[in-house]
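Colleague: I'm new to this one and would like a close look at a single part. Could you walk me through the salt bridges, and then show me what else lies around them?

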Amino acid sequence: MRGLSVPLFLAIATAVASCSVGPDYHTPFLRLPTGFLALAPSGEKSKGPELASADLTQWWRSLHDPELNSLEDRALLANLDLEIALNRIQEARAELVVIANQALPVGGVTGGGGVGTGADETRNRAAPTFRSAVNSAGFSSVQEAGGFEANWDLDLFGKIRRAYEAQTYDVEALKAAWDWVMVVVTADVARDYLDMRAEQARLAVLKENIVVAQSGQTLAQTLFDRGVTSELDVALARRQLATFQAQAAPLEAQIDASRNAIAVLLGTYPEDLAKELAKAGPIPTLPGRIPTGGPVDLLRRRPDIAEAERRVAAATARIGVAVAQLFPDVFLSGAGGAQGGIRSSYTVSAANWIASIGPGAYWPLLDFGALDAQIEIADLTTREQLAAYKQSILTAVQQVDDATASYRAQQESLRNLDRALTAAHLSTRLATDGYKDGLTDYLNVLDAERQQFDLQQQYVSAQQIEAESLVGLYKALGGGWQPGATIPPLRPVEPAAIAAARYLIRAPEGVH
């Protein structure tokens, strides 16, 4: 081995340092439909998108509701799920520093010693790398030794590089996950807000019918007092009024629940939003058509799909980490310092300098298949992530089709309900006039009022479902995440000695 000098060894190591075992990642090619089924006429496959894709980053502004715009802006700033997702990104970025450190030389001060019957009192007290420099020649006992030792994993087969690559993909996946949380949060805020407005509209309809029922009860009581009708009509009118009044409190509770849900999404307490959202407002006017683009656009717009794809990339890189464990782990280590002890003449010797430098290696040739099994596990994990990636695309296309079909169906339903409501108002007016003139009984009035109320509630419910379908469609299209959102820089890390001194001078900052 003396013929193989350390410089020659380093030259060989440098020549193969670019070698990274394991597969290189390439983005999977997946077949996509040319258009969304829900946009095709007569249920046939569409040959292309109905409308060109649009900027969906702040889709809620198309509803022209200042209160909703304000709530969305505050949610993007203060939502705690977004804060959690951002901290996960920062954790993963900090882990990159830890992995990168494994590819760099590391060293520190070591030392040890003692008195006793042993010939080398530094054994098991000083670091092994430094102890390799200890020289017992001329000593009956080495009693102390100390100095500096360093190690450098040369990563000849790319285990550390593949780990760093995988962690980089993990950071990108977590960034996409953060973007997807924005999509979910903005959709949830809009859905809860639109639900609250629909429940307020439903309550307004109920209150209108309570007023009508009160007028009906008064009319029935007046006619009964005049002897024109029976007490049965009065009892029926009271039943109608009480039935309507019984529905008020549950509706008010639903409005409070929606308002409370909005508060949590804004990272605040319900009491902080109670006054702001106490006043009822109309359901915003919804657009007639939405630019959806085509299925291929989902690969670019949906952060959850991007996250799934980055997970495949990370899993592929970790196959290389597992493969690299089959090959030698080669490292370079060195140490230098001083030792002291007792010479053969039983005189205490002054300290003398010692040093050592050289390569080392470990090759796991016999493990009965454990390392190969880890490669198989990594490969299966990659296949699992690939299947999840494919599933995320299928699910995204399905969600767009479902939301589009639902939105169109509710639009058609509202057109029909509008005609039905016009007829119901006429029926109620004719039945009431006929009852006043003694041409019909009160049951016809109650039946007309009840059907009108049911149609009004159906109309509001259809508006609510239409609004929820709109939100679902924008969410399915990947709308709501902000491409310009910035990730704060990490705190600069420092070498251990400097960090230790800093922590001694002042306590670390705690959690606020």
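Modeller: Sure, let's start with one pair: Arg 310 and Glu 172, whose side chains meet in a salt bridge at 2.6 Å, N to O. This contact links distant parts of the chain, since Arg 310 sits in helix H10 (residues 303-324) and Glu 172 in helix H5 (residues 159-225), 138 residues apart. Keep in mind that this is a predicted model. How buried or exposed are the two partners? Arg 310 has a relative accessibility of 17% and counts as buried, because the cut-off for buried is under 20%. Glu 172, with a relative accessible area of 33%, is partly exposed.

Now for a salt bridge within one helix. The side chains of Asp 256 and Arg 259 meet at 2.3 Å, N to O. Both residues belong to helix H7 (residues 248-265), and they are three residues apart, about one turn of the helix. Asp 256 counts as partly exposed at 33% relative accessibility, whereas Arg 259 is buried, with a relative accessible area of 12%.

Next, have a look at Arg 302 and Asp 304, whose side chains form a salt bridge at 2.8 Å, N to O. Here Arg 302 counts as buried, at 2% relative accessibility, and Asp 304 counts as buried too, at 16%.

Salt bridges can also join up into something bigger than a pair: Asp 170, Glu 307, Arg 311 and Arg 318 are linked in a network of them. If you search the whole structure, you find 20 salt bridges, so what I've picked out here is a selection, going by the cut-off of 4 Å between a side-chain nitrogen and a carboxyl oxygen.

You also asked what else is there, so on to the strands. Strand S1 (residues 106-113) and strand S2 (residues 139-153) run antiparallel, and eight bridges join them. One spot to find on screen is Gly 111, which stands opposite Gly 146 in S2. S2 also pairs with strand S3 (residues 329-343), again in the antiparallel sense, over 13 bridges. To find your way along that pairing, pick Ser 141 and look across to S3, where its bridge partner is Ile 342. As you trace the strands, it helps to know that in a regular strand the side chains alternate between the two faces of the sheet.

Conventions. Residues are numbered from 1 along each chain as its sequence is written. This is a predicted model: local features need pLDDT of at least 70, side-chain atom pairs count only at pLDDT 80 or more; totals for chains, interfaces and linings use all residues. Side-chain values use heavy atoms; hydrogens and water are left out. Two strands pair if DSSP finds at least two bridges between them. Helices (H or I, at least four residues) and strands (E, at least two) are DSSP runs, numbered from the N terminus. Buried means under 20% relative accessible area, exposed over 50%, partly exposed in between (1.4 Å probe, protein chains only).
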